[in-house]
Amino acid sequence: MLLAGIDIGSSSTKAVVMNDRSVVASGIMLTGASGTVAASSVMDLVLAQSGAAMGDLACIVSTGYGRVNVPFAQKNVTEISCHARGVNWYFPGVRTVLDMGGQDCKAIKCDEGGRVVKFALNDKCAAGTGRYLERLSKYTGVPLGEIGPRSLQPVNGPVSVDSFCAVFAENDVLLRIREGYQINDILAGAVDAIVERIVTIIQRIGAEEELAISGGIAKNTGVVSRVEKRLGMRALIADEPQIIGAVGAALFARDLALKSAK
Amino acid sequence: MVTDDGLLTAGIDAGASRIKVALFKGRRLLGHAVLEGGAENITEISKRALADTCRIAGITLEDICKIAVTGMAYKYVHLEVEHINESTCLARGIDFFMPEARTAIDVGAQKSLAMKCKGGVPLKIRYSEKCASGSGRFLDVVAATMAMDKAELSRLGLSTQDFVEVQSTCTIFAESEIITLIHSDAKPAEIARGAYRALARRLYGLLLQVGLEDVVCVAGGVSADACLLDELTKLAGCEIKTARQSDIVMACGAALAVQ
């Protein structure tokens, strides 16, 4: 049985095709101006990769910020449920999931079946989200992918960035640059500030072993290693942390297909 | 210089975007200056603002007995000055400009301060300083996104009573939301109104935390904005007045605090 999950995030859209045992194809592309268009394109991509046609799929479930805009999905499920379910498929021992996306940050407590027990969410503020790092990259001129590693190699130690607000932090950072501080030291301070913010969200649900991190920011080593250090826990990260939500959606699609087959 | 009617004192309000100076003799305002911050050193701008004020008042810098400093950037003013906290300065300033006011709100470029006060003494205070959404910065970003200056944004907002909701609290997210609204053919005037309404709601929330009492006095650089005042008045349901020289209220309060 072939199933698909599609996760339309604020910044990127992800899709997976799964069979009963594994992920057979996955794709990620920028969401751009239209979630519906991105959903079709990424779906075409994963179908081509898996050599299947839309009609071969037993069920498609959508999730994420733009989940209601997927005309070809049979059902939509919240991204919180999908992340918990997706992480559980990779790492069954995980009870705490931290999902950091382009425009929000969620901490989820889940049970042994990947069901959500409790969650805390920040979707009101850019601090602690991918957007903050994108802006930091833009005004420091450091490519997004280098922010993590460089923030871990301060020259004279982190320079404190007073504000976690992405708007005010921009002023702080530009001021520090003008004052002549090393970029790595400033990046260390800025990443410290948002990790503090992320940690308060996790503390609202109470971190329990094991911990997994999903979403785009899981690729930022600077954020991950600081979260690990602050919580005193090692973070489990899937090979492609951005598709976890889509995997969860595909697992819900399997439930649905099995139910309707009965 | 001590005379019968009080000391000569100056107050410097070093804000996030501008430096304001006021000069007092007793309770008489002798002169003031407001200079843009920009990239120049804050101490240098403060010196220039002081010199301008002295010239207006016809005195020399040496005549001033005491200089007080307040505002977000106070620690960058490297002069022989006494630091006075913002809430004291606001309460003193309000008492000077509008003694009948029991509630005050100062809306600045980077933070807002709501207060209940009486006789120049702050009774209860609440700051909004951690997040740009409750400050003038929010309007700066909205105006920049709509490719206009703040005066235009205000005029545009005042041209209608209708509005579209700007739902994002975070200024960064609001920027994207406004771009989406523009592309979805929402009327620019209604977007502007919506943005003012969103800011006014947050300021109103801050006022409720200190307790809203007649008369409300608004101070600070952003408060002269007619569209913001219009929205705030609608929400508060009581009279909201702007201090006569709203942008120097803090500077005056600082000068008065060291009388």
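Visitor: What is the bridge partner of A:D99 in β7(A)?

Guide: A:D99 has A:K106 as its bridge partner there. Keep in mind that this is a predicted model.

Visitor: What makes β6(A) and β7(A) count as paired strands?

Guide: Pairing takes at least two bridges between two strands. Five bridges join β6(A), residues 96-100, to β7(A), residues 105-110, so the pair passes the test. The two strands run antiparallel, and they form a hairpin with four residues between them.

Visitor: Which other strand pairs with β6(A), and in which sense, parallel or antiparallel?

Guide: That's β9(A), residues 211-214, and the sense is parallel. Four bridges link β6(A) to β9(A), so the cut-off of at least two is met here as well. One of the links has A:T96 facing A:L211 as its bridge partner in β9(A).

Visitor: Why is β6(A) described as largely enclosed?

Guide: Because five of its five residues are buried. Buried means a relative accessible area under 20%, so each of those five residues falls below that value.

Visitor: How do you know which faces of β6(A) are covered?

Guide: You check each side in turn. On one side sit A:T96, A:L98 and A:M100, and on the other sit A:V97 and A:D99. All of them are buried, so both faces count as covered. That back-and-forth pattern is no surprise, because side chains in a regular strand alternate between the two faces of the sheet.

Visitor: What makes you say that α8(B) is mostly covered?

Guide: This helix spans residues 249-257 of chain B, and eight of its nine residues are buried. Those eight are B:V249, B:M250, B:A251, B:C252, B:G253, B:A254, B:A255 and B:L256.

Visitor: How is chain B divided into domains?

Guide: Domain 1 takes residues 2-92 + 249-257, and domain 2 takes residues 100-242. In the contact between them, domain 1 of chain B supplies 12 residues and domain 2 of chain B supplies 15. The centres of these two domains, taken over C-alpha atoms, are 27 Å apart.

Visitor: Why is A:N76 called partly exposed?

Guide: Its relative accessible area is 37%. Buried would need under 20% and exposed over 50%, so a value in between is called partly exposed. A:N76 lies in β5(A), residues 75-76. Setting aside residues up to four places away in sequence, A:N76 touches A:S62, A:R67 and A:V68. Its C-alpha atom is also 8.7 Å from that of A:G64, 12 residues apart along the chain.

Visitor: Why does A:R176 count as buried?

Guide: A:R176 has 13% relative accessibility, and the cut-off is under 20%, so buried is the right word. This arginine is found in α5(A). Beyond its neighbours within four places in sequence, A:R176 is in contact with A:V159, A:S160, A:D162, A:Y181 and A:I186. A:L136 is 40 residues away in sequence and 13 Å away in space, C-alpha to C-alpha.

Visitor: How do you know whether B:R193 is buried or exposed?

Guide: Its relative accessible area is 0%, which is under 20%, so B:R193 is buried. B:R193 lies in α6(B), residues 188-210. Apart from neighbours within four places in sequence, its contacts include B:G157, B:F163, B:D230, B:E231 and B:K234.

Visitor: What makes the largest cavity a cavity?

Guide: A cavity is a space where a 1.4 Å probe fits but cannot get out. A search of the whole structure finds one cavity of 30 Å³ or more, and the largest cavity has a volume of about 50 Å³. Its lining comprises A:C125, A:A126, A:A127, A:C165, A:A166, A:V167, B:C131, B:A132, B:S133, B:C170 and B:T171. By class, that gives nine nonpolar, two polar and no charged residues.

Visitor: What lines the second largest pocket?

Guide: This pocket has a volume of about 1200 Å³. Its lining has 36 residues, and those nearest its centre are A:N171, A:D172, A:L175, B:Y76 and B:Q110. The elements giving two or more residues are α5(A) together with β3, α1 and α3 of chain B. The largest share, seven residues, comes from α5(A). By class, the lining holds 13 nonpolar, 10 polar and 13 charged residues.

How values were computed: Residues numbered from 1 in each chain as written. Chains lettered and ligands numbered in written order. Predicted model: local features only at pLDDT ≥ 70, side-chain atom pairs only at ≥ 80, totals over all residues. Heavy atoms only, no water. 1 Å grid on protein atoms, 1.4 Å probe; cavity = no way out; pocket = protein on both sides within 12 Å on 5 of 7 lines; lining within 4 Å. Points joined across faces, edges and corners; volume = space filled by probe spheres on them. Nonpolar A, V, L, I, M, F, W, Y, C, P; charged D, E, K, R; others polar. Buried < 20%, exposed > 50% of the residue type's maximum accessible area, 1.4 Å probe, protein only. Domains from an automatic or database assignment. Contact = heavy atoms within 4.5 Å.
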